[in-house]
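Here's a quick briefing to read with the model open in your viewer. Have the sequence handy too, and we'll go through it topic by topic.

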Amino acid sequence: MNKLLLILALLPFPLIAEIKVLSQNLQQGGFKLLELPAGSTVRLGGAAVPIVETPQGAYAMLGFDRKEAPARWLEICLPEKPCTTQKLTITSRTYITQNVRGAPKAKTNPNPAALKQMQADNAAIRAARAAVARDATQATNLGFLQPLKRPSTGRISGVYGSARLFDGQERSWHKGIDYAAPIGTPVVAPASGVVRLAQNTFMNGNLIMLDHGAGLNSMFAHLNTMQVKVGQVVRQGERIAEVGNTGRSSGPHLHWGLYVGATPIDPKLWVAQ
Ligand SMILES: [Zn+2]
């Protein structure tokens with residue numbers, strides 16, 4: 001069903017020929033990638049969207065939340081023209097409930113020292129995401145224009161959006177895809193990017209955050225080894241880590257989270273599985 005909804009063709013914007021939709025999937029957890037004339041501005045629901053200006057064109061990346069409202073207003077202002085507003089209709093989805101058993105008790109019911117570690121981890125993740133936002137208009141980081149490749153060969157063992165129950169207790173919802181694979185299986189970059197974080201964390205274990213430009217960023221969690229450093233530029237398909245079982249994990253797997261800014265979107269709507 002997802003494949004039917006996935007549109008990866010060059011579609012003309014229904015109203016203005018100068019605006020191209022490079023890729024989109026208008027459902028909860030989906031996205032929209034626009035090409036615009038230089039000097040344009042874009043607002044989604046009133047919030048400014050970063051524009052990446054390059055000699056080839058200007059681009060804007062939009063992401064839709066797990067529970068995105070059914071209608072979003074997209075305002076586009078082309079240089080020296082009146083602004084236009086388009087209503088985006090976002091299709092609703094239903095999500096499954098997943099029960100996770102056998103995760104270490106110390107990870108599901110953390111003690112005060114662990115809670116302190118988690119606060120420090122969250123601060124580091126926020127700082128990495130702030131760097132993604134700060135550089136979201138940089139013309140040198142264009143990984144977001146590449147069709148994404150899957151980062152692991154493993155079988156999909158967890159899907160986006162599901163409510164997570166740890167030993168029967170609901171803790172959160174699942175912000176990404178899980179690939180089950182043996183420890184040591186290579187993890188490759190789904191698109192080129194800049195490494196924003198590569199460190200051990202309490203919940204996510206060994207964690208890498210990769211900035212693909214225009215606000216699009218990936219998180220790779222529970223890694224065994226990490227083979228990149230903060231600030232390093234990696235190419236699409238380049239090996240960055242090994243699948244592991246670190247952090248709050250009940251078996252060897254790769255967790256891949258994909259975000260537009262801080263909004264988690266569904267990698268499966270974009271990547272060829
Ligand atoms: Zn996961």
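Which residues does Cys77 touch, not counting residues up to four places away in sequence? They are Ser40, Thr41 and Cys83. Keep in mind throughout that this is a predicted model. Below, we start around Cys77, move through the sheets and one helix, and finish with the domains.

**Around Cys77**

- Cys77 sits in strand S8.
- With 16 other C-beta atoms within 10 Å, Cys77 comes out as partly exposed, because buried would take 20 or more and exposed 12 or fewer.
- Ser40 is a good partner to click on: it is 37 residues from Cys77 in sequence, yet the two C-alpha atoms are 5.5 Å apart in space.

**Pro79 and its loop**

- Go on to Pro79 and you're in the loop between strand S8 (71-77) and strand S9 (84-89).
- Is Pro79 buried or exposed? Pro79 has 11 C-beta neighbours inside 10 Å, so it counts as exposed.
- Setting aside neighbours within four places in sequence, Pro79 still has contacts with Pro37, Gly39 and Ser40.
- Ser40 therefore turns up in both contact lists, the one for Cys77 and the one for Pro79, where contact is C-beta to C-beta within 7 Å.
- Try a distance from Pro79 to Asn99 as well: they are 20 residues apart along the chain, and their C-alpha atoms are separated by 51 Å.

**The four-stranded sheet**

- S8 and S9 belong to an open sheet of four strands, ordered S5-S4-S8-S9, with antiparallel pairing.
- At the edges are strand S5 (47-49) and S9, each of which pairs on one side only.
- On average, neighbouring strands here are turned by 30° against each other, ignoring direction.
- Strand S4 (residues 41-44) pairs with S5 in the antiparallel sense over three bridges, and four bridges join S4 to S8, also antiparallel.
- Arg43 is a handy residue for seeing both pairings: its bridge partner in S8 is Glu75, and in S5 it stands opposite Ala48.
- Next door in S4, Val42 has Val49 of S5 as its bridge partner.
- The S4 and S5 hairpin has two residues between the strands, and Gly45 takes a positive phi near 55° there.

**The three-stranded sheet**

- A further open sheet has three strands in the order S10-S12-S13, and its pairing is mixed.
- Strand S10 (97-100) and strand S13 (169-173) are the edge strands, each pairing on one side only.
- The twist from one strand to the next averages 30°.
- Strand S12 (residues 163-166) pairs with S13 in the antiparallel sense, over four bridges.
- One bridge to look up in that pairing puts Phe166 against Gln169, which is in S13.
- As a general reminder, strands of a sheet pair through backbone hydrogen bonds, either parallel or antiparallel.

**Helix H3**

- How does the length of helix H3 (residues 112-134) check out? At 1.5 Å a residue, its 23 residues should span 33 Å, and the end C-alpha atoms are 33 Å apart, which agrees.
- The multiplier is one less than the number of residues, in case you want to redo the sum.
- Ala128, Arg129 and Val132 are buried in H3.
- What do the buried residues of H3 pack against? Their partners are strand S16 (193-201), strand S17 (205-213) and strand S18 (216-226).
- An α-helix has 3.6 residues a turn, so residues three or four places apart point the same way.

**Two domains and where they touch**

- The domain assignment splits the protein chain into domain 1 (2-89) and domain 2 (97-269).
- Between the C-alpha centres of domain 1 and domain 2 there are 26 Å.
- As for contacts, 19 residues of domain 1 meet 22 residues of domain 2.
- On the side of domain 1 that touches domain 2, the elements giving two or more residues are strand S6 (51-53) and strand S7 (58-63).
- S7 supplies the largest share of that side, four residues.
- By class, this side of domain 1 has 10 nonpolar, six polar and three charged residues.

Key: Residues numbered from 1 in each chain as written. Predicted model: local features only at pLDDT ≥ 70, side-chain atom pairs only at ≥ 80, totals over all residues. Domains from an automatic or database assignment. Contact = placed C-beta atoms within 7 Å. Nonpolar A, V, L, I, M, F, W, Y, C, P; charged D, E, K, R; others polar. Pairing = 2+ DSSP bridges. Axes fitted to C-alpha atoms, helices over the stretch in contact; angles between N-to-C directions.
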